[in-house]
Each structure stands twice: as C-alpha cells, then as structure tokens.
Amino acid sequence: MIIQKQNGKAVPMQNSFKEKFKMVAKTMMGLEEVLADELRAIGAQNIECINRAVLFEGDMRLLYRANYTCRTALAILKPFAQFEANNDQELYDQVYRIKWEKILDVDCTFMIDSTTSGEIFTHSYFAALKTKDAIVDRFRRNFGQRPSIDTENADYKFNLHIRDNQVTLLINSSGDSLHKRGYRQAVGLAPINEVLAAGMIKLTGWQCNTNFYDPMCGSGTLLIEAAMMAMNIPAQYYRGDRFAFKRWKEFNLGEWKSVKQEEDRKIGSTDFDYEIWGNDIDLNVLSQAEKNLQFTKLHKDVMLFNGSFEDQDPPEGRTLIVTNPPYGERIKIEDLNAMYQQLGDTFKRRYGKDCEVWLITSDFEAMKHIGLKPSKKIPLLNGQLDCRFLQFELFEGSLKENRAARSTGASPVEEGDTGAQGDTGVSPVKRGSTGASPVNDNGDTGTLPVNRNTGASPVNRNTGVSPVNRNTGILPVNRDTGASPVNKSTGTLPVNRSTGAKPVNNNE
Ligand SMILES: C[S@@+](CC[C@H](N)C(=O)[O-])C[C@H]1O[C@@H](n2cnc3c(N)ncnc32)[C@H](O)[C@@H]1O
C-alpha cells in the first residue's frame, strides 16, 4: 500500500515489491540514534530521528528485514492513508472512504491505537472510536458482516495519529512488540526489556571485540542480547512466525524466506572469540538465566556464576561490563546506598583498567554512593522509570588522581595503558582466532555454537573443571543437569576457599 491522495481522499494501494515507501520504526526514548544506525546498516534511506521513533524509506523487503534484524525497534509501522479532518464527521467520512476490504477480511480481528495532539481532537480514545465505527460501518453496509475488535491479540493493529487537522493511519507490520524475542522461558523479579538491553549494549559502542560481563545478570537478558550480537544472530531468530505482516494480503512468502535466509546465513560470521559471563547472588534467578540460555542454545557460550558481585572477578582481558542492578523498586534491598557504594568499591578494587563499566539505574540518590564520577550519563526510560545509563572509566589509580595527573601532563597509568577511553571505550584485544564457527546450520531447529576453544561445554579450559568463583569457591549452576553445583572432577560440593564454608546445596 502507498499513500495516494485523490482530491483529498485517501486510497490505499498495493505496492509493487520493489517500490519504496515511508515507514516508521518505534523505539524507546534515548535509542533513536542507535536504531537509525541499525536501519542505515540494512539499507534504509531518508532516515530521520523523531521522538521515540525513526522515519525511513525502503521497499517491502526492507520492511521484512527491519522486523527481523533491528534489535532496538519495538515495531515497524507502515503509513497507508493521510488526510485532513477538521471535525469528527470529517474523520469518519475520510476513514469510511478507505477501501478497507483491500486490507482486512470480514472474519479477522483488528484494533486501533491512537495519539492525538492539537485543539480539534482532544480525546484520542474518541478519535479511535470514530475510526473504528467508520471501518465496521463500511463492512456492514457493503458485505453484511464486519471484522471484530480484539484489543489483546488482534490480527491487524492500526495506529491513528492526529496532529491538529492532519490525520495519518499506519498499519503495524510487527504485531506483538518486537521486544518479545521469544527466548524468555523464565524471568526474574525485574527483567529488563530486551529492546532496552540491546540498546544499552549498542550505546556503549561495543564492537564485539572484548569480553562481556554482567555481575548482576538476573534472568540473563543482557547476556543473551550480547551473545546474539556477538554471533550475528538476528534479533527475532527465536520469535518464530509471529509477525503481523505475514497475515497481510500482500504478504510474499518467497521474498520473506529469501530475506530470512540471507540474515540467517550471517550467523557466526563474526568469529567472536571472547568470554561472555554472568553472575547473580540468587541461584533461583540464575537457573532462569540458564533456562533462557538453554533455549537459545547459547548455554555453552555464556558462563554463569553464583555469588555476590564483589566476590567475582570479571573475565581476564579487556571486558565490557554492563549491568542493571536493583533500583529498590521491584527488588527490595535493605540498604541500597551501601550496595551502590560496594559496587563502586568493586569497580575500583576488582575490575581495573581493562574494564569499562556501564550501569543503568533510576535511583539517583544511591547512584551518588558509587563514589566514582561517571564519564557519561545517558537518560533512558526503563518502563516508566526515569533512568540514567552511566559509564565509568577505570584506571589503575582513582579516577580523580588520574584526571588530575592527565591535566598536568603526568602519566598516572602504567606503561602500555591507554588511559582514558573514547566513545566506544574498547580497544580490540584478539586472543587468536580458533576458527570454529558458531553457525546454526540447521535453521530454527539446529544447535547453536559450542565453545569455540574446546568444542565442549564451558568448563575451565585449563583444569577441565567447571568455572569456580575464584573467591568464594562456589561453582556455577550445572548446565547439563540443572543440579547443585558439584565439582565435576571430585564429585563433591566446592568449599569456599577463604572461609572453608560449603555453598548452599539447593537440592538439600
Ligand atoms: C534488576 S535485576 C537484573 C535483571 C536482569 N537484567 C534481567 O534481565 O533479568 C537485579 C539483579 O541483581 C541481583 N543481585 C542483587 N544483589 C546482588 C549482589 N550482591 N550480587 C550479585 N547479584 C545481586 C538480583 O538477584 C537480581 O537478579
């Protein structure tokens, strides 16, 4: 469909497949630029960022591709009618004139989301109601039957957008929001939205050329999004067939299959050779992360550790650390300020100059207790919560000492250290490629990559035993059995090396 104005009347028309048309990609506040980059990378043209959305142009293949690959899009909308309306009756008449039977069948369901601004249409709900009435009246009069409304699971979702007297109708090509990736088998108390998680990683400028670590990983969203990026797995690889455009009358199965195959062929093409680690204090939540990883078949590429963040080192070598600590909203922590102070201490004591740390929080008071000055503060929304996504650059000494030394020209860092980090903050340290490919060659049912170094599950590469938390001696969740973390070599539960205490055996 394209917009064709005939004497002010809107007539939706079928596109030829190569024809270019305007689209709107919806996203979250603060992610507009990263989404624009994603769209540019797949060939979108005339890109323009607006509030929580990106306008762009492309053909129907691009619409399919944007839905399948864009990690920071919530929905791809296609405008199909645009007209003026100066009152309710004009809105009704214009909507009535649209050849809805070319879009909808009488036995389908639909819903209308609306946003209005200006002085003519002051109630968006009422404008949506008028629009719905016009659609069903046209069907009833012409065909004796009408499609039904379904606000939960409609076959067709329309957006009505009115600004003053300018009305635009758009069709949602995605259906369910694209944050529903399809890999969540289980969630913790406060899982982060998948689009936000992907957007945060993209905002760090990560080029998949360092390790990745989330010290409070919960159900593993950031880990899975990072692993998917690292292995070039399309954003909607696990979503199955749940795209609204597949129900459209103009849906072209051959073109869709060809777009999907092109993207699936890229899986594993990045030759990623770094570690992705997660840690959480809550073993139940960690087992949810494990379930999600098992589902994605990424469980052999991501190591999980059970313990408090201050007891766990990040992987060796350059590491991007991105985390979503409790804000005290959904997860209650007795003393959040003390926790954030401990976080800051851990950054300074344990992470060091090889690490770049980013965290998101809505607790601006607790944030001050980190005791480090963030080098970047990006406003983001997590649900309704006003958050800041903070970057901390770490040096050998304290940040203050390093900054002071740099401004006086002295070198506060060890020889060989690059000191301050730029926008992307990471400089690639490649440990040597192992060559094996993480490609899923079997389409949707195939297996995803095994550990590229060993070909095996993520046991310690030197000792052959599971990755013990270096300080607490606690083993991570056993990925094969889901059972308590028994040392695979000795068959015994690991003892905390410092205290001599045994970790909790969940099966007891
Ligand atoms: C907001 S949630 C993270 C949610 C996660 N991003 C997801 O998508 O599921 C915060 C997590 O921090 C964990 N946590 C709280 N205190 C911790 C500590 N001292 N050490 C490690 N993890 C901790 C909680 O168990 C919880 O899973």
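In the hairpin of β16 and β17, which has two residues between the strands, Gly-383 takes a positive phi near 60°. Helices (H or I, at least four residues) and strands (E, at least two) are here DSSP runs, numbered from the N terminus. The model is a predicted one, in which local features need pLDDT of at least 70 and side-chain atom pairs count only at pLDDT 80 or more, while totals for chains, interfaces and linings use all residues. Residue numbers start from 1 along each chain as its sequence is written.

The two arms of this hairpin are joined by seven bridges, with β16 and β17 (residues 385-393) running antiparallel. Within this ladder, Pro-379 has Arg-388 of β17 as its bridge partner. Two strands are taken to pair if DSSP finds at least two bridges between them. The hairpin belongs to an open sheet of seven strands, ordered β13-β12-β11-β14-β15-β17-β16, with mixed pairing. Its edge strands are β13 (302-306) and β16 (376-382), each of which pairs on one side only. Direction ignored, neighbouring strands of this sheet are turned by 20° against each other on average. Axes are lines fitted to C-alpha atoms, for helices over the stretch in contact, and angles run from 0 to 180 degrees between N-to-C directions.

Further along the sheet, three bridges connect β11 (residues 211-214) with β12, and these strands run parallel. Tyr-213 stands opposite Trp-277 in β12. Helix α6 packs on this sheet, where it touches β11, β12, β13 and β14 (319-323), and its direction makes about 175° with that of β12. Contact between two residues requires that their C-beta atoms, placed from the backbone, lie within 7 Å. Helix α8 (residues 283-296) lies across β12 and β13 and runs at about 170° to β13.

Helix α6 also meets a second helix, α5 (residues 194-203): the two axes come within 9 Å and cross at roughly 60°. The pair is therefore oblique, a class that holds the angles left over when those under 35 degrees count as roughly parallel, over 145 as roughly antiparallel and 65 to 115 as roughly perpendicular. The crossing of α5 past α6 is right-handed, the near helix being turned clockwise from the far one by less than a right angle. From α5, the contact draws on Glu-194, Ala-197, Ala-198 and Ile-201, and from α6 on Thr-221, Leu-222, Glu-225, Ala-226 and Met-229. These residues divide into six nonpolar, one polar and two charged, where Ala, Val, Leu, Ile, Met, Phe, Trp, Tyr, Cys and Pro count as nonpolar, Asp, Glu, Lys and Arg as charged, and the others, Gly among them, as polar.

The ligand has 20 residues around it, of which Met-216, Gly-218, Ser-219, Thr-221 and Asp-282 come nearest. A residue counts as near if its C-beta atom, placed from the backbone, lies within 6 Å of the molecule. Two elements, α6 (221-230) and β12 (276-280), give two or more residues to this shell. By class, the shell holds eleven nonpolar, seven polar and two charged residues.

A second open sheet has eight strands in the order β4-β5-β3-β6-β10-β9-β7-β8, again with mixed pairing. Strands β4 (45-50) and β8 (148-149) stand at its edges with a single partner strand each, so one side of each is left without a neighbour in the sheet. Strands β3 (residues 21-26) and β6 (residues 75-84) run antiparallel and are joined by three bridges. Ala-25 stands opposite Ile-76 in β6. Helix α2 (residues 60-69) packs on this sheet, touching β3, β5 (53-58) and β6, at about 135° to the direction of β6.

Helix α2 has a helical neighbour too, since its axis and that of α7 (residues 253-264) come within 10 Å and cross at roughly 45°. That angle makes α2 oblique to α7. The crossing is right-handed. On the α2 side the contact includes Tyr-64 and Tyr-68, and on the α7 side Trp-256 and Val-259 are among the residues met. The contact comprises five nonpolar, one polar and five charged residues.

Lastly, the axes of α3 (residues 88-97) and α4 (residues 124-143) come within 8 Å and cross at roughly 40°. Helix α3 is thus oblique to α4, and passes α4 in a right-handed crossing. Among the contact residues are Leu-91 and Tyr-92 of α3, together with Ala-134 and Ile-135 of α4. Seven nonpolar, one polar and five charged residues make up this contact.
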